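The exercises below are meant to be worked through with the sequence and the coordinates open side by side. Each one sets a task and then gives a solution in steps.

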Amino acid sequence: MQPAAWILAAVLLGGVAPAAGAPASSGHWAFAPVSEAAVPQPRDAGWARNPVDRFVQARLEVEGLSPSPAAPPEVWFRRVTLDLTGLPPAPGDLEAFLADRSPGAWARVVDRLLASPRHGERWAQHWLDVVRYADTHGFEVNTERPNAWPYRDYVIGALNGDVPYGRFVRDQLCGDQWGEDAATGFLVTASVLLPGQIGKDAPSIRLARQDALDEIVVNTGQTFLGLSIGCARCHDHKFDPVSQREYFAMQAFFSGVEYEDRDLTDPATEARRRDAAAVRRRIQELQRRLTGHVPAARSGVTRGMVHGRYNVERFAPVTARRVRFTIRETNSLEPCLDELEVLDPDDVNVGAASAGAWASSSGDTVVPDRHELRHLNDGRYGNSRSWMSDQPGRGWVMLEFPRELQINRVIWGRDREGKFDDRLPTQYVVEVASDGGEWVPVAGSEDRTPFLAGTTPPDPLAQLEPSAAPWMQERSALESTLRRLESGQRAFAGIFRAPDPIHTLRRGDPEQPGEAVGPGVPAILGHCRLPTDAPEAARRLTLAAWLTALENPLVSRVMVNRIWQGHFGAGLVATPSDFGLQGARPTHPELLDWLVREFQRGGGSVKHLHRLIVLSATYRQSSGDHPVARSKDAESRWLWRFPSRRLDAETLRDSMLSAAGNLNGAMYGPGFDLFDQRGGLSGFRPVESFPDSGLRRMIYAHKVRREPEAVFGAFDCPDAGQSTPRRRESTTPIQALNLFNSRFTADQSAAFARRLTAEAGPEPAAQIRRAYRLALGRDPVPDEVLAATSLVAEFGAEPLCRALFNSNEFLFLP
């Protein structure tokens, strides 16, 4: 059960509730409280089926317009099926609906479609457009983001489960606090530069960090609030009442968020993690025993090349108070060590911080929570818990014990996880000293095989005495077990650490910091602030609670408008991510606020609004043209007819696969490939013929940022470079060429033709009727049968299938 975000925030703040209050007064409609709009009573009340229609009809009467007649039932059925699921209706479902004359038949259709798992797949795409979801990191290098998909799957599952919108928002900001780990992928959906792609100088690092935080503020502002808060990064907002200081106060909510993968915390993953920890402890115990059987340093035996994971320096037992590891050369850059262990003859790590040893060094490069001196002997492995020198190619670290101890081994590594092999010490010496004694070298690189770049060094435990064989066999078996246990899924959902101090920046320049600011929201939106030392999780919890409070006028307005836009192609507010002073005013302001109140009364149920809208007379209208009405309202913004529009790219591809009988309905998991590579600088060659895994719905494609899909990218499919709150609808020659000549169309036309033969038999007339029912949801008229018969008789059904895929009736929502 999800705890109240306000309560969790107060606990983390030491029992003090966050400061919060009502918004400042403003004349702008979007910042005003949601009104209690009365349902109007139009002159001709017989047309309306629910309150939505009364608001629409009242506006039509003001404009001197009338609603259009209702569309035929089969047209509405095709429309609502495509709209709610993104797939064409099955002929059997249409026939059952047309034969059902009982009360509630239309409502039962809607309930069935909303209960279908296809619904979440369809409507998740709208959300992913807004948050610019992709499976690569973007920018020039555009490397793969292999664990992004759990967030996409969370959105699909949440919409299928009709998760209340307030919880949906809170999950995406702080779901890690109650086990919805994948949901916080929202925070890190934007493009980002990886550590190796940022300059090593401090100004470059600070600028990259600012850019990363800015993306989170921009995403949060435009997605939930419908405001361009990011425009206040360098100066006060030019149009909206948002100051630069308020921008940085918003940034402070997220100053502990890093763009990285995180382990999921579902029960199965937690069990695997506990098992892996036990196996890892046993492996470490075995390795410590085994290190007592490696060739001793300076024994006359040439030891192997230094290894990136770990290296063993064994020597005769010696009494020491201090151990120093001096690096004289590396394979590149500043040396880095993930752990330095010192063992006694009983295999105990006396150099661990937990054993009382403390570390010092010649100088450190500090990246908080990643590269710090304290990580040298904290017992945790990997690059993310390591020490880095502040000198290229050299430096030293020292461990001092509480008293003199007998030791006989030193174990060190660059990265025990094996992910990094740069910064590896290749020339070094290990020295010991007793109380008040001189430094005495006991091991070093002089008796190792010379380091050779580009080669794979042997396992440091490869040369062992025969008596160690049973331990080696056990270690090998345990390592296989550990690989299996550690293969559990991770999610690119951010990691959370101590927040960075946030300051205002003159002209947005990180090199010109001003006053320190704590987390807070723009005054025009309300009063919600925290102290500068607020804990990381409390910041996100507080923001989530403030956003989802009923008093917040924007969050529900923005979401209700997005839902309306999904059904009609345009929102009641035509600028869905800009409710600021430069945004459009609502065409039906009272209807918008009434829908918000209905949304809130329904507990934030998105499906409740879907049901209300698609069962309205407004939605049932035909899309036929009326010249007089068109002269007054060409875009049907006042809804005198249903505004027909072309199917989006994903629905078009999915519908072709569905009609051809090729659609693979497998849900969730890693995406299928659209290109020959899943990330990189350039040179993406499109996949032309797909295996079965590539015939899944297009929402499951591995989305390469800024690389349009070869065929359907031409149909205004966003490339995730920027947020796409509303897709444009262009008409270009390349669309016709792609849809008629592509290998995908040819393959699906051939599959469609084979399906017709299997289901309708060899007779052309039967194949034609079946093709029209599958592709267009109706029977062909006599003229269509006559025109198609000679074509099918001479060339088979494949040309007909290709023509149907290219017809306006297939391409447009009726």
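The protein chain contains 25 helices and 18 strands, and the model in which they are seen is a predicted one. Along its principal axes, the C-alpha trace spans about 100 × 70 × 45 Å.

**Exercise 1. The chain as a whole**

Task: Determine what percentage of the 814 residues of the protein chain count as buried, and what percentage of the contacts with a separation of 6 or more comes from residues 24 or more positions apart.

Solution: Begin with accessibility, where a residue counts as buried under 20% relative accessible area; by this criterion 55% of the 814 residues are buried. Then take the contacts in the protein chain with a separation of 6 or more, of which 74% are between residues 24 or more positions apart.

**Exercise 2. Helix 6 against helix 14**

Task: Describe how helix 6 and helix 14 pack, stating the angle and the distance between their axes, and find which residues meet.

Solution: Two packed helices are described by the angle between their axes and the distance between the axes. Helix 6 covers residues 117-131 and helix 14 covers residues 553-568, and their axes lie 11 Å apart at an angle of about 125°. Helix 6 is therefore oblique to helix 14, and the crossing by which helix 6 passes helix 14 is right-handed. On the side of helix 6 the contact involves Trp123, His126, Trp127 and Val130, which meet Met559, Arg562, Ile563, Gly566 and His567 of helix 14. Sorted by class, the residues of this contact are 5 nonpolar, 3 polar and 1 charged.

**Exercise 3. Helix 16 and its two partners**

Task: Analyse the packing of helix 16 with helix 14 and with helix 15, giving the angle and the residues in each case.

Solution: Take helix 14 as the first partner: its axis and that of helix 16 (residues 606-614) come within 11 Å and cross at roughly 45°. This angle makes helix 14 oblique to helix 16, and the crossing of the pair is right-handed. Met559, Val560, Ile563, Trp564, His567 and Phe568 of helix 14 meet Val606, Leu609, His610, Ile613 and Val614 of helix 16. The residues of this contact comprise 9 nonpolar and 2 polar, with no charged residues.

Now turn to helix 15 (residues 589-601), which packs with helix 16 at an angle of about 135°, the axes being 9 Å apart. Helix 15 is accordingly oblique to helix 16, and this crossing is right-handed. Helix 15 contributes Trp594, Leu595, Glu598 and Phe599 to the contact, while helix 16 contributes Val606, His608, Leu609 and Leu612. Here the residues divide into 6 nonpolar, 1 polar and 1 charged.

**Exercise 4. Helix 8 and the loop that leads to it**

Task: Establish how many of the 10 residues of helix 8 are buried, and characterise aspartate 162 by its location, its accessibility and its phi.

Solution: Helix 8 (residues 165-174) is mostly covered, with 8 of its 10 residues buried; these are Tyr165, Phe168, Val169, Arg170, Asp171, Gln172, Leu173 and Cys174. Aspartate 162 is found in the loop between helix 7 (149-160) and helix 8. With a relative accessible area of 21%, aspartate 162 is partly exposed. Most residues other than glycine have a negative phi, whereas the phi of aspartate 162 is positive, near 50°.

**Exercise 5. Two loop residues**

Task: Decide whether aspartate 716 is buried or exposed, identify its contacts, and then assess the accessibility of lysine 238.

Solution: Aspartate 716 belongs to the loop between helix 19 (649-660) and helix 20 (733-741), and its phi is positive, near 60°. Because its relative accessibility is 10%, aspartate 716 counts as buried. The side chain of aspartate 716 is joined to that of serine 730 by a polar contact of 2.7 Å. When neighbours within four places in sequence are left aside, aspartate 716 contacts Arg646, Arg727, Arg728, Glu729, Ser730 and Gln735.

Lysine 238 lies in the loop between helix 9 (202-225) and helix 10 (244-252) and, at 63% relative accessible area, is exposed. The C-alpha atom of lysine 238 is separated by 69 Å from that of valine 294, a residue 56 positions away along the chain.

Conventions
Residues numbered from 1 in each chain as written. Predicted model: local features only at pLDDT ≥ 70, side-chain atom pairs only at ≥ 80, totals over all residues. Heavy atoms only, no water. Axes fitted to C-alpha atoms, helices over the stretch in contact; angles between N-to-C directions. Helix = DSSP H or I, 4+ residues; strand = E, 2+ residues; numbered from the N terminus. Parallel < 35°, antiparallel > 145°, perpendicular 65-115°, else oblique. Left-handed = near helix turned anticlockwise from the far one by under 90°. Contact = heavy atoms within 4.5 Å. Nonpolar A, V, L, I, M, F, W, Y, C, P; charged D, E, K, R; others polar. Buried < 20%, exposed > 50% of the residue type's maximum accessible area, 1.4 Å probe, protein only. Polar contact = N/O pair within 3.5 Å; in protein donor to acceptor, adjacent residues only side chain to side chain.
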